[in-house]
Amino acid sequence: MKKSILTLLSITVAVMASGFAEDKKAAHAPAAAAAPGPMITPSAEGAKAYIVTPKDGDTVKGEFTVVFGLKGMGVAPAGVHFADKPTGHHHLLVDTDVTKLIAMNIPLPADEKHIHFGGGQTETTLTLPPGKHTLQLILGNWTHVPHDPPVFSEVITITVEE
């Protein structure tokens, strides 16, 4: 009896969790932009992300602006998927780079070293402590997963003055 109750409870929990996951997925993806299937999406051939400013080797003071560039793909907010057009949104890597990411087939982390621009922003204002710092962009798809192949910029090094 106990075993059958536990089995029934396990099945109920699994069914409820499955329905909750589907509801949660639907809530985060616009109805017209729902994209079934794998979270990994192809990038456009020759696509490239780059940092417009600052330039590699620049010295900046305190608060400064970073402008993002993207060639060969469109920018779209997180959660928006166009099946017929490769798009993504920027993630800025600060004092880390793509070689330190855990995997390229899962959503990018979000913390002080991995800054998400899920609204489709193409620039930001940063304040970093004095010293040398590295910056790199990587494009994430509608679910924050890098494209295949991944689209990322060169690493640049800047110096922040006091």
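Helices (H or I, at least four residues) and strands (E, at least two) are DSSP runs, numbered from the N terminus. The model on screen is predicted, so local features need pLDDT of at least 70 and side-chain atom pairs count only at pLDDT 80 or more, whereas totals for chains, interfaces and linings use all residues. Residues are numbered from 1 along each chain as its sequence is written, and side-chain values use heavy atoms, with hydrogens and water left out.

Begin with the whole protein, which has 1 helix and 9 strands, in the order α-β-β-β-β-β-β-β-β-β from the N terminus.

Next, select Gly 62, in the loop between strand 2 (59-61) and strand 3. Gly 62 counts as partly exposed because its relative accessibility is 27% (buried is under 20%, exposed over 50%, partly exposed in between; 1.4 Å probe, protein chains only). Leaving aside neighbours within four places in sequence, Gly 62 is in contact (heavy atoms within 4.5 Å) with Leu 126, Thr 127, Leu 128, Val 160 and Glu 161. Add Pro 130: its C-alpha atom is separated by 7.5 Å from that of Gly 62, although the two are 68 residues apart along the chain.

Now move to the largest nonpolar core (buried Ala, Val, Leu, Ile, Met, Phe, Trp, Tyr and Cys residues joined through side-chain atoms within 4.5 Å). Of its 22 residues, Phe 64, Leu 126 and Leu 135 touch the most other members. Among the elements that give two or more residues to this core are strand 3 (63-71) and strand 8 (131-140); strand 3 gives the most, with 4 residues. Apart from this core lies another, of 5 residues, including Leu 93 and Ile 138.
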